[in-house]
Amino acid sequence: MKALMGEDGKRRLSVCLAAAAVLAMTACGAKAGEGNLIVQEESGGKVVNFFGPMEKSNPDADNVSRTAFDMTVSMAEEQLGLTVEYRTYTAENYQEKTYDDVTLDRVRNNMDDLYLLNPDTIQILGEEGKLMDLSGLENAENLREVVKTANTVDGKLVAAPQEVVVYGLFVNKDMFDEYGLQLPETPEDLMECCKTFKENGVETPIGANRWWLENLVFAQAYADLYNGENTEEEIDALNRGERKYSDYMRPGFEYLQELIDKGYIDAKTAYTYEAIEGEGPDFLAQKTPIVMAYWGAANTPTAYGEPDFELQVIGFPSSRGQMPVVSMTGFGVGTDAEHLEDTMNVLNIILSDEALQLYTETNKVISPSENVEVDCIPALKPLNDKVEDNVYVLGSNANMKVEQWGNTCLIVRDLLNGATVDECMAEFDRLQEEALGR
Amino acid sequence: MLFSIILVFCILGAVVFLLARKISTEMSSSAIHNLNESLTLIRGTVEAILTKKAEFQDLIAREIVRIDDPEEFVRSYDRNRAMVKISLISSGKTEGVSNTGEVFSEEGLDFSAGKTVEGLPVSDSYLNDMGTWAYTIKCPIMKNGREIAWLYAEYIYDAFDEALPDGFYNGNAMLYIMDAKSERLVLKPKGMGERNAGHLNLEDFYRANNILEKGLQAEVEQYIKDGKNIMFYHDIQGENSLIYMWSVNNGALYLIGYVPIDAIQQEGKAVNQNILIVVLVMLIAFFLCCVLYFFNQRQQDRIREEQEREREMHNKQLAEALQAAQIASNSKTMFLSNMSHDIRTPMNAILGFTTLLNKDADNPVKVREYTKKITASGQHLLGLINDVLDVSKIESGKVVLTIGEFTLNDLVSSVDTIIRPMAGAKEQKFHVTVTGIKHEYLAGDETRLNQILINLLSNAVKYTQKGGNIWFRIIGLDQRSSQYEHIRIEVEDDGYGMTPEYLETIFDAFTRAENSTTNKVQGTGLGMAITKNIVELMGGTIEVSSQVDKGSLFRVELELRIPDEQMDKQFWEKNGISHVLAVDDEEDICSGIRLLMKDTGVLMDEAYNGKDAVRLAMDAYGAGNGYDVILMDWKMPGMDGLETAKRIREAISGPVKILFLTSYDGEDLQEEVHHMENTGILAKPFFVTAFKEKIMEMRMESEGKGQEAEAGKCSSLEGLRLLAAEDNEINAEILLELLDMEGAACEIVGNGQMAVERFANAAEGEFDAILMDVQMPVMNGYEATKAIRALNRRDAREIPVIAMTANAFAEDVKEALDAGMNVHIAKPIDMELLKKTINQYVIRKE
């Protein structure tokens, strides 16, 4: 040992051992913490309550859409030092209150601060003055004009989305190829395709739910209105009562009726099915070749993100060819929100170009910001090309005095529930009269 | 040992494992207990709120009794967060009033489950007009013991949120409030739910958390029906978790959720981690100690082994030293014994013959015989003394080499002069060969070299039987440096040889081969030791191989510096020699001659027999480039040297010199040669210097100088007058007598001082030389010489001073020369040597 360490080494070892002993004794003899032991919360417990929809849970798949939103919310939480509390409602079945019904109640009763709203509720609540004007937000400046237009009620920007929601026909290209069918451009094409499928043993060629069947109607109703040259004049004429919504809607409803009559759509199940949850399994199982859904469903594993076949998303058939239907869900803030300032700040951050870039890249959707663009997946290319060419119809338009998205949905449900086309048109006329205050 | 350590570690591991497991179990149990308490606390809070609400409603109901217009009271009641709606239905009616202004009926409210709070019925949960989950408690309004109306109050579950904690287990625990009947999740308290799951109802909760076991679901269903608490383990999103369902208000509501096990067992985990760390630290410390111990042990073992080795080595060295000392002691004892014998023997002879001389002083024949024998014995005694003194000098490291320039020719011829007669006396054949030598003019201690060769050769002669052979070879080896001649000297004989045992000690002092054959040979046994020491002193090596009765071979390798030789090319030109023919049947000899003649500028041809020699000579002569000298081996097979020479003479009329090479004394040849013109004899081995001398000699002969008369004159000391400084009277007397016998006059002085004075007072030229002893009283020889040389007279620097001293070592010679003496002669005086030396240095007056 002497040879290994020497006197100097021994001295060092002694010092180390002594130091270790002192440390051990100090550790053993250390007093418990002194003073107030409660850890004070630094954030001050600032909270913003967010109310939004939630699909039924699936343990095997991530909700990408929600994940993207969460990422932007985390950005806001981090920057503002607050917590965004999520609240949600999902109807257990079609007989229960819908999300929109509950949203209306909650906004009217000032239950939350921030809401994710569907187009019809945006218009209703905007007209009721229950939503804050968001045009003052710094990042609202970046929104595309079409987005602003669709969400402006009485001159106020009452909602702002994180994505432009585009609806289209989701088709199983493999099945079309199997029967030698071209993807449909016009309503007649679609009818022919359905006929062929039906003849080949496909029980229900078009899978539908109680929410999105209206897009078939919108495409036929407003293809000319939104893609012609007199859009504003025609809307003005509708708002003045010079033209009737029912005139626009009738061909679509009659077409829908024909699809139902020929058994291409199962009205009974469509009336009760929740979105995707109802018709989705058959589509994924390749029993149904056609469904309709929003753009993001093609990216989301919980929806149609991972099919076992070649998926193509195309516009709805119309006289002007395939027609995407653009609808705006958006975030609104209650005018009497308990945490109004924080909520406006959160919204400003989640609508920032940085947040929207993150959101858009994650979800592969069309961004509402003029400054953010990302490539879409191949399946969405046909739909994207149309939107890029400004070929689409709006599913909701706050400039129309008769709310379109919610009302049409309800009237389509009436049709599914057995009402005639004439009865449905009469309902449109009634709504128009009501809107005109007559 | 290893087994014990493994056993200890196994026991330690088992103890630590059991301890960790025990702690884990206890902590787990404690954690579950804590979770129980937390849930119970939350339940208590929810139930307390329910109770307080029921009590408050009851209070309002009592208050309403005292109010005149209860319906107006209800209508005017403001909605608040706790009680969002209040309604009243009078007894007997189905509709009533509400603070929302609507007509109120019990329609849509379900009290059928029979759940109560404080005895008041509670409805099932429902989604109210605020878009949130709510429940209604109805309370009877009693007046005078009679039920007059029912008060309905609607409460929202959101109101519980404020009273509940903002999460528990650091937000890792999930908690929802579930309506037991509808199994709808009616409240997700803040900080306690998942963001990415809505959890619509219990079924959705099961699906989201992958709790799909039907049996388990049925069991849970039963518990919920019975209003009991349930807690069970299940994996949720890959984590082992505890799922709990806690009954509130007798099972009307349930607190449901889950918490990962890791989250509730953090303390236990931390304790186990700490135990693990402590164990690891201890293990590391233990292993470090083991490593240190191992290294220490290894170090100690190494030191011990080293000490052991050193001790063994010391012991061995001591044993060897003891053995060597014993051998040395024995050798010296033997040596003294030998010396005693060897000295006494000649001394005995000297003294004996002196006695006889005294007795037969008148008989000149006997006197001559006796003196001859006395001289021989004296010479032998002197040899013994010289050897003893030399070895003592070498052993004490006082030997200094005196480096001078010499030629191998001189060395070989002087050795040959001494050894050949000795060999001849024993009828031995003495063969001398020199091969491969490039330079014969070398620098070294010639005297010592001579000593080496004499030692080796005289031994060879001594230890070889009569008629044997002695080979003396000088071989030129490849030069390691251009400045040094690398030579090997071999002395071989076919004599008695030596035993391997003796070979091991042959170079040790005081040893001498002892056997029946050699013990007749007298000697100190110091010769080989001296030889080896001198060889090593010269940086050389000596080795010996020998076989008994076969002979011995001594090999000495030396490197001798080549002095800056001034090649006397002019000599050859001056003597008109430019073309030489070497004729010898041995090719080696021819090539040796060519090698030696390389730098002379002389063109060399070789012939290996007489015929070729004649042809070459004729050809050269015919071509007008005839040979100036032909070196001709005498003894050649076929046509011998003489015959060849004769043929050449017949064929060529030119003045070609022919030198016969012979290794014999050449007396027969002398006769033959005498009759031939322009011929001479050159002793083998061939040396350039000898060749040159011969050329000179032949030239002088041809110039007709009377060498013989001169030589005869020089051999005598007749007419010389000498001054001798000698303090020993006997020696002085002997000297005086000897010189007198040679016809020289000598004046003796007793010391150096007297010599100086005598010379100083002498007339110039009075003395021809001074013989100077060295060790003298008053002034020694060196000082005296210096003083004489310093005298201010012309002959002081010229007069030869000859040292005659018993200080016979090389350094003594050097000192003598340094002191200014001309030459050194060792005592006892060899009269022939003295005569030769004096004649060499004295300049005869005539």
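# Strands, sheets and helix pairs: worked exercises

Strand 17 of chain B runs antiparallel to strand 18 (residues 484-493) of chain B, and seven bridges link the two. The model is predicted.

**Exercise 1. Find the bridge partners of strand 17 of chain B.**

Solution.
- Step 1. Start with strand 18 of chain B, the antiparallel partner. Here Ile475(B) is bridged to Arg488(B).
- Step 2. Turn to strand 15 of chain B. It pairs with strand 17 (residues 469-476) of chain B in the parallel sense, again over seven bridges.
- Step 3. Place two residues of strand 15 of chain B. Thr433(B) faces Arg473(B) of strand 17 of chain B. Val432(B) has Phe472(B) as its bridge partner.

**Exercise 2. Sort the side chains of strand 15 and strand 17 of chain B by face.**

Solution.
- Step 1. Take strand 15 (residues 429-435) of chain B. Phe430(B), Val432(B) and Val434(B) point to one face and are buried. Lys429(B), His431(B), Thr433(B) and Thr435(B) point to the other face and are not buried.
- Step 2. Take strand 17 of chain B. Its buried face holds Ile470(B), Phe472(B), Ile474(B) and Gly476(B). Asn469(B), Trp471(B), Arg473(B) and Ile475(B) point the other way and are not buried.
- Step 3. Return to the bridge pairs. Val432(B) and Phe472(B) are partners; Val432(B) is buried, and Phe472(B) is buried. Thr433(B) stands opposite Arg473(B); Thr433(B) is not buried, nor is Arg473(B).

**Exercise 3. Work out the edges of the sheet 27-26-28-29-30 of chain B, then place the helices on it.**

Solution.
- Step 1. Read the order. This is an open sheet of five strands with parallel pairing.
- Step 2. Find the edges. Strand 27 (745-749) and strand 30 (823-826) of chain B each have a single partner strand, so one side of each has no neighbour in the sheet.
- Step 3. Add the twist. Neighbouring strands are turned by 25° against each other on average, direction ignored.
- Step 4. Place helix 21 (residues 752-761) of chain B. It touches strand 26, strand 27 and strand 28 (769-772) of chain B, and makes about 150° with strand 26 of chain B.
- Step 5. Place helix 22 (residues 781-790) of chain B. It lies across strand 26, strand 28 and strand 29 (801-805) of chain B, at about 175° to strand 29 of chain B.
- Step 6. Check one strand pair. Strand 26 (residues 721-725) of chain B runs parallel to strand 27 of chain B over five bridges. Arg721(B) stands opposite Ala745(B).

**Exercise 4. Do the same for the sheet 22-21-23-24-25 of chain B.**

Solution.
- Step 1. Read the order. Five strands make an open sheet, paired in parallel.
- Step 2. Find the edges. Strand 22 (603-607) and strand 25 (679-683) of chain B have a single partner strand each, so each is left with one side lacking a neighbour in the sheet.
- Step 3. Add the twist. From one strand to the next it averages 20°.
- Step 4. Place helix 14 (residues 587-596) of chain B. It packs against strand 21, strand 22 and strand 23 (629-633) of chain B, at about 180° to strand 22 of chain B.
- Step 5. Place helix 16 of chain B. It lies across strand 21, strand 23, strand 24 (657-662) and strand 25 of chain B, at about 150° to strand 23 of chain B.
- Step 6. Check one strand pair. Five bridges join strand 21 (residues 579-583) of chain B to strand 22 of chain B in the parallel sense. His579(B) is opposite Leu603(B).

**Exercise 5. Classify the packing of helix 15 and helix 16 of chain B.**

Solution.
- Step 1. Take the geometry. The axes of helix 15 (residues 610-622) and helix 16 (residues 641-651) of chain B come within 9 Å and cross at roughly 20°.
- Step 2. Apply the cut-off. Angles under 35 degrees count as roughly parallel, so helix 15 of chain B is roughly parallel to helix 16 of chain B.
- Step 3. Add the hand. The crossing is right-handed.
- Step 4. List the contact. Helix 15 of chain B brings Gly610(B), Ala613(B), Val614(B), Ala617(B) and Met618(B); helix 16 of chain B brings Glu643(B), Thr644(B), Arg647(B), Ile648(B) and Ala651(B).
- Step 5. Sort these residues. Six are nonpolar, two polar and two charged.

**Exercise 6. Classify the packing of helix 8 and helix 16 of chain A.**

Solution.
- Step 1. Take the geometry. Helix 8 (residues 214-227) and helix 16 (residues 405-416) of chain A pack at about 115°, with axes 9 Å apart.
- Step 2. Classify. This angle makes the two helices of chain A roughly perpendicular.
- Step 3. Add the hand. The crossing is right-handed.
- Step 4. List the contact. Glu214(A), Val217(A) and Phe218(A) meet Thr408(A), Cys409(A) and Val412(A). Four of these residues are nonpolar, one is polar and one charged.

Key. Residues are numbered from 1 along each chain as its sequence is written. Chains are lettered from A and ligands numbered from 1 in the order in which they are written. This is a predicted model: local features need pLDDT of at least 70, side-chain atom pairs count only at pLDDT 80 or more; totals for chains, interfaces and linings use all residues. A residue is buried if 20 or more other C-beta atoms lie within 10 Å of its own, exposed if 12 or fewer, and partly exposed in between; C-beta atoms are placed from the backbone. Helices (H or I, at least four residues) and strands (E, at least two) are DSSP runs, numbered from the N terminus. Two strands pair if DSSP finds at least two bridges between them. Axes are lines fitted to C-alpha atoms, for helices over the stretch in contact, and angles run from 0 to 180 degrees between N-to-C directions. Two residues are in contact if their C-beta atoms, placed from the backbone, lie within 7 Å. Angles under 35 degrees count as roughly parallel, over 145 as roughly antiparallel, 65 to 115 as roughly perpendicular and the rest as oblique. A crossing is left-handed if the near helix is turned anticlockwise from the far one by less than a right angle, and right-handed if clockwise. Ala, Val, Leu, Ile, Met, Phe, Trp, Tyr, Cys and Pro count as nonpolar, Asp, Glu, Lys and Arg as charged, and the others, Gly among them, as polar.
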